[in-house]
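Reader: Please explain the strand pairing in this structure, with the criteria behind each term.

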Amino acid sequence: MARLIIQTEGFRHRALELAMGVNRVGRDSECEICLDHDTISSLHCELALSDDGVYVHDCRSTNGTFINGEPVMEAWLDAGQVLRIGDVEMLVESTTVTIAIPKIEREPPKAPVVLDNGVAACSSHPEIPATFACTFCTETMCNACVRVLRRTGGQALFLCRVCHRQAERLVPVEAAKKRGFLGTLQDAVRLHFKHPRGE
């Protein structure tokens with residue numbers, strides 16, 4: 001993060017770390033950076049930190065704002081420069097913004113528990129058969145666990161309780177067995193004689 005080191009005696013090389021946005025500098029206790037010194041105004045200047053760096057803006061202070069001895073009203077700061085507000089000097093150590101994004105590791109999905117009848121069990125209720133499975137993370141859910149999104153004028157949308165992606169209804173083993181040869185034959189005939197225009 002952007003950082004300035006006060007070099008004036010009495011501040012013991014105090015380090016100032018800027019927060020993103022506007023950092024008000026002055027004697028007033030409400031300023032983000034409060035410096036109790038006679039030559040500093042109540043609101044002396046503003047140090048704005050953004051992705052582009054640090055921008056200093058003098059707030060019509062009594063004793064002025066200076067970069068390397070030159071008076072400024074507004075200017076960008078560079079690392080290595082000396083910023084002076086009133087008689088307080090500070091070395092600009094860094095003007096960069098460091099944003100750390102933590103890496104979140106997700107545990108791999110567990111294999112679904114299979115009941116004695118060969119049906120997958122609900123991940124949260126291992127004694128209840130699963131009626132839905134997530135198409136993304138393969139979470140298995142019973143009717144109580146699946147999230148239902150009611151859409152106006154349309155069918156309900158079933159969502160995974162873990163990743164909130166779409167879940168599909170599982171075909172019960174008994175229903176799959178009942179279809180047998182005739183069900184398969186019906187599907188084959190329906191596909192074979194399907195109208196070329198999809199009607």
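Author: S10 and S11 form a hairpin with 2 residues between them, and Gly 86 in the turn has a positive phi of about 65°. This is a predicted model, in which local features need pLDDT of at least 70, side-chain atom pairs count only at pLDDT 80 or more, and totals for chains, interfaces and linings use all residues. Residues are numbered from 1 along each chain as its sequence is written, and side-chain values use heavy atoms, without hydrogens and water.

Reader: What makes S10 and S11 a pair?

Author: Two strands pair if DSSP finds at least two bridges between them, a strand being a DSSP run (E, at least two residues) numbered from the N terminus. S10 and S11 are joined by 4 bridges and run antiparallel, so the pairing criterion is met. In S11, Met 90 is the bridge partner of Leu 83.

Reader: How do you know that strand S7 pairs with strand S10?

Author: Strand S7 (residues 65-67) and strand S10 (residues 82-85) share 3 bridges and run antiparallel, so they qualify as a pair. Thr 65 stands opposite Ile 85 in S10.

Reader: What joins strand S1 to strand S11?

Author: There are 4 bridges between strand S1 (residues 3-6) and strand S11 (residues 88-94), which run antiparallel. Ile 6 has Met 90 in S11 as its bridge partner.

Reader: Why are strands S2 and S8 said to stand at the edges?

Author: The open sheet has 6 strands in the order S2-S1-S11-S10-S7-S8, with antiparallel pairing. Strand S2 (15-17) and strand S8 (70-72) each have a single partner strand, so one side of each lacks a neighbour in the sheet.
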